[in-house]
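Here are my comments on the model you sent round. They are set out as numbered points, to be read with the structure open.

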Amino acid sequence: YLTTLVGSSTAFSATHYSVLLDYAFPNFQETHPFVGGTLGLIARSSNFQGDPQRAYDCYIGQMNVEEKKVKIIRRRSNAEVELYSADLPNSSIARGTKHTIEFKCYGTTSTTLQLIIDSVLLANIGDNATTRLTSGIPGIQVRNGTTYCDSFTVLQYTNDGTTPSAWTPNQITG
């Protein structure tokens, strides 16, 4: 979980953001790269319990390789509700190839959740239930199997899902 901004002691506090991760499944001769496993990204996680720490409140954008499904899940007080499920393209689990998974989470009154794999939007849903999550930190979820992960990136958005304008420093007078 990303609890502090990288290279600082500042706590992570963004509410609207996108989490990106490069991944690859090893090119072994096994029958499946991730038997019974899931790979996912977490957004708005909080209320950590258990050993190792587990987010009891979070959104999870995940691929379930065994079921060949992509899912968006809301976990609230450790009870999971599947908000969305769709077929996972075989190209997303090709072995020996670098892939990218992205989970966008923005909005407050209605939370927009989007799961994108290799630049293809596979899941898009709004959560406006009273049990929706409004804040929390991002992370990675891996269960079973073997995968290589790289370039965990978080991009901040505005509450409508647009990237904020680039910061420009004021002219320094000397």
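1. How many bridges join β4 to β5, and do they run parallel or antiparallel? Eight bridges join these two strands, and β4 and β5 run antiparallel. As an example of the register, arginine 74 has valine 81 in β5 as its bridge partner. The two strands form a hairpin with two residues between them. In that turn, serine 77 has a positive phi of about 55°. Please keep in mind throughout that this is a predicted model.

2. The overall make-up comes next. The protein chain has 10 strands and zero helices, so the pattern read along the sequence is β-β-β-β-β-β-β-β-β-β. The chain has 174 residues, of which 43% are buried.

3. The hairpin of point 1 belongs to an open sheet of five strands, in the order β5-β4-β3-β2-β9, with antiparallel pairing. β5 (79-87) and β9 stand at the edges. Each has a single partner strand, so one side of each is left without a neighbour in the sheet. From one strand to the next, the twist averages 20°. Strands of a sheet pair through backbone hydrogen bonds, in either the parallel or the antiparallel sense.

4. At the β9 end of this sheet, what is the partner strand, and how many bridges are there? β9 is joined to β2 (residues 38-49) by six bridges, and the two strands run antiparallel. One of the paired positions is leucine 41, whose bridge partner in β9 is isoleucine 140.

5. There is another open sheet of five strands, with the order β8-β7-β6-β1-β10 and antiparallel pairing. Its edge strands are β8 (120-127) and β10 (148-156), each of which pairs on one side only. The twist in this sheet averages 10° from one strand to the next. Within the sheet, β6 (residues 99-106) pairs with β7 (residues 111-117) over six bridges, in the antiparallel sense. Glutamate 102 has isoleucine 116 in β7 as its bridge partner.

6. Two loop residues deserve a look. Asparagine 27 is found in the loop between β1 (17-24) and β2. Is asparagine 27 buried or exposed? Asparagine 27 is exposed, because its relative accessible area of 55% is over the 50% cut-off. Asparagine 27 and glycine 96 are 69 residues apart in sequence, yet their C-alpha atoms are 4.6 Å apart in space.

7. Lysine 68 is found in the loop between β3 and β4 (69-76). Its relative accessible area is 35%, so lysine 68 is partly exposed. The C-alpha atoms of lysine 68 and asparagine 90 are 7.9 Å apart in space, while the two residues are 22 apart in sequence.

8. On the cysteines: how many disulfides does the count give? The count comes to zero disulfides. Cysteine 105 has 0% relative accessibility and therefore counts as buried, the cut-off being under 20%. Cysteine 149, at 38% relative accessibility, counts as partly exposed.

9. The largest pocket has a volume of about 200 Å³. Its lining includes Leu2, Leu5, Val6, Phe12, Ser13 and Ala14. Phe152, Thr153, Val154, Leu155 and Gln156 also line this pocket. By residue class, the lining divides into eight nonpolar, three polar and no charged residues.

10. The second largest pocket holds about 150 Å³ of space. Among its lining residues are Tyr1, Ile42, Gln53, Arg54, Ala55, Ile60 and Arg75. The elements that give two or more residues to this lining are β3 (54-64) and β9 (137-143). Which of the elements gives the most to the lining? β9 does, with four residues. Ile140, Gln141, Val142 and Arg143 are in the lining, and isoleucine 140 is also the bridge partner of leucine 41 noted in point 4. This lining divides into six nonpolar, two polar and three charged residues, whereas that of the largest pocket has no charged residues.

Notes
Residues are numbered from 1 along each chain as its sequence is written. This is a predicted model: local features need pLDDT of at least 70, side-chain atom pairs count only at pLDDT 80 or more; totals for chains, interfaces and linings use all residues. Side-chain values use heavy atoms; hydrogens and water are left out. On a 1 Å grid over the protein atoms alone, a cavity is a set of points where a 1.4 Å probe fits but cannot get out, and a pocket is an open set with protein on both sides within 12 Å along at least five of seven lines; lining residues have an atom within 4 Å of a point. Grid points are joined across faces, edges and corners, and a volume is the space filled by probe spheres set on the points. Ala, Val, Leu, Ile, Met, Phe, Trp, Tyr, Cys and Pro count as nonpolar, Asp, Glu, Lys and Arg as charged, and the others, Gly among them, as polar. A disulfide is a pair of cysteine sulfur atoms within 2.5 Å. Buried means under 20% relative accessible area, exposed over 50%, partly exposed in between (1.4 Å probe, protein chains only). Two strands pair if DSSP finds at least two bridges between them. Axes are lines fitted to C-alpha atoms, for helices over the stretch in contact, and angles run from 0 to 180 degrees between N-to-C directions.
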